[in-house]
Amino acid sequence: MASAKEIPPGGEGKIDITFKTGSGSGGKREKHITVTTNDPEKKTVSLTVTTEVVETLGITRIRINFNQVKRGQEHVRFASVSGEDKDATKLTGFESPNPNIKVEINPKGFDGDKDQQLKIILMPTMKTGRFFERVKILTNHKTIKDIQLNVIGSIVGDVTVAPNQ
């Protein structure tokens, strides 16, 4: 948003921009802005704004993709907590809209691997078909009370048809 709709010749203006970074990732971000002018020699001015996003709290893999897995079996994927506040934050539980998706939390990591603090489990009772669920990982962080985890994939039976109809 510009500070004024019109800026006189030789004048100055301010442009407010917002970076929507999403969750689960820090790092360098870049945004391109085009400003339209009434200057006949320079009708547009392109601006590039760069910033470094510092992640406060997130999960290393915000999308857990099970791809295509067999019905009637338990399937497991792992993720870990990331960000500047990860060591000072406790994961307190999870909320899953699907009772066939469970999450186990181990701050020290499963199988001695500190990068496997979250164990995402598809239960053998998961129904055949595609799924996309948003699981919340609950925290005791002062401002980030939960982290969304997208769990996707497809449960297949003994017979599969390609392409899917």
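This report describes selected side-chain pairs, contacts, surface features and backbone angles of one chain. The structure is a predicted model, and every value below was computed from its atoms.

**Aromatic pairs**

The search for paired rings comes to two aromatic pairs. Phe66 and Phe131 form a tilted pair, with 6.5 Å from centre to centre and 50° between the planes. Because Phe66 belongs to strand E4 (residues 63-70) and Phe131 to strand E10 (residues 129-139), this pair ties together parts that are 65 residues apart in sequence. Phe66 has 0% relative accessibility and therefore counts as buried, and Phe131, at 8% relative accessibility, counts as buried too.

Phe78 and Phe110 also form a tilted pair, for which the centres are 6.0 Å apart and the planes stand at 45°. Here, too, distant parts of the chain are linked, since Phe78 sits in strand E5 (residues 75-79) and Phe110 in the loop between E8 and E9, 32 residues apart. With a relative accessible area of 12%, Phe110 is buried. Phe78, by contrast, counts as partly exposed at 21% relative accessibility, because the label buried requires a value under 20%.

**The surroundings of Phe78 and Gln116**

Apart from neighbours within four places in sequence, Phe78 is in contact with Arg61, Ile64, Phe110, Gln116, Leu118, Lys119 and Ile120. The ring partner Phe110 is thus part of this list, and so is Gln116, a residue of the loop between strand E8 (101-105) and strand E9 (118-122). Gln116 in turn touches Phe78, Ala79, Ser80, Gly109, Phe110 and Asp111, with residues up to four places away in sequence not counted. Both members of the Phe78 and Phe110 pair therefore appear among the contacts of Gln116, and the relative accessibility of Gln116, 19%, makes this residue count as buried. As a reference for distance along the fold, the C-alpha atoms of Phe78 and Gly157 are separated by 24 Å, while the two residues are 79 positions apart along the chain.

**Ser82 and its polar contact**

Ser82 is placed in strand E6 (residues 81-82) and is buried, with a relative accessible area of 12%. The side chains of Ser82 and Glu55 are joined by a polar contact of 2.9 Å. Leaving aside neighbours within four places in sequence, Ser82 is in contact with Glu55, Thr56, Leu57, Gly58, Ile59 and Thr60, so Glu55 is both a polar partner and a member of this contact list.

**Salt bridges**

Side chains of opposite charge can pair when their charged atoms come close. Across the whole structure, the search finds two salt bridges, which are set out in the table.

| Salt bridge | N to O distance |
|---|---|
| Asp16 and Lys14 | 3.8 Å |
| Lys70 and Asp158 | 2.7 Å |

In the bridge of Lys70 and Asp158, Lys70 lies in strand E4 and Asp158 in the segment after strand E11 (146-156), so that the pair ties together parts 88 residues apart in sequence. Lys70 is partly exposed, with a relative accessible area of 33%, whereas Asp158, at 67% relative accessibility, counts as exposed. In the bridge of Asp16 and Lys14, Asp16 counts as partly exposed at 43% relative accessibility, and Lys14 counts as exposed at 52%.

**A nonpolar patch on the surface**

Ile15, Ile17 and Leu47 form a nonpolar patch on the surface, and together they have about 200 Å² of accessible area. Leu47 is found in strand E2 (residues 44-53) and, at 33% relative accessibility, counts as partly exposed.

**Backbone angles**

Which value does phi of Asn67 take? The angle is near 55°, a positive value in a residue other than glycine. Asn67 is located in strand E4 and is partly exposed, with a relative accessible area of 47%. Phi of Asp111 is likewise near 55°, again a positive value in a residue other than glycine. Asp111 is placed in the loop between E8 and E9 and is exposed, with a relative accessible area of 75%, while Gln116, which touches Asp111, counts as buried at 19% relative accessibility.

Methods. Residues are numbered from 1 along each chain as its sequence is written. This is a predicted model: local features need pLDDT of at least 70, side-chain atom pairs count only at pLDDT 80 or more; totals for chains, interfaces and linings use all residues. Side-chain values use heavy atoms; hydrogens and water are left out. Helices (H or I, at least four residues) and strands (E, at least two) are DSSP runs, numbered from the N terminus. Buried means under 20% relative accessible area, exposed over 50%, partly exposed in between (1.4 Å probe, protein chains only). Contact means heavy atoms within 4.5 Å. Rings of Phe, Tyr and Trp (its six-membered ring) pair if their centres lie within 6.5 Å; planes under 30 degrees apart count as stacked, over 60 as edge-to-face and the rest as tilted. A polar contact is a pair of N or O atoms within 3.5 Å; within protein, one must be able to donate a hydrogen and the other to accept it, and residues adjacent in sequence count only if both atoms are side-chain atoms. Patches are made of residues with over 30% relative accessible area and no salt bridge: like charges are joined within 9 Å, nonpolar side chains (Val, Leu, Ile, Met, Phe, Trp, Tyr) within 5 Å. Accessible areas come from the Shrake-Rupley method with a 1.4 Å probe; for residues, only the protein chains shown count as cover. A salt bridge is a side-chain nitrogen of Lys or Arg within 4 Å of a carboxyl oxygen of Asp or Glu.
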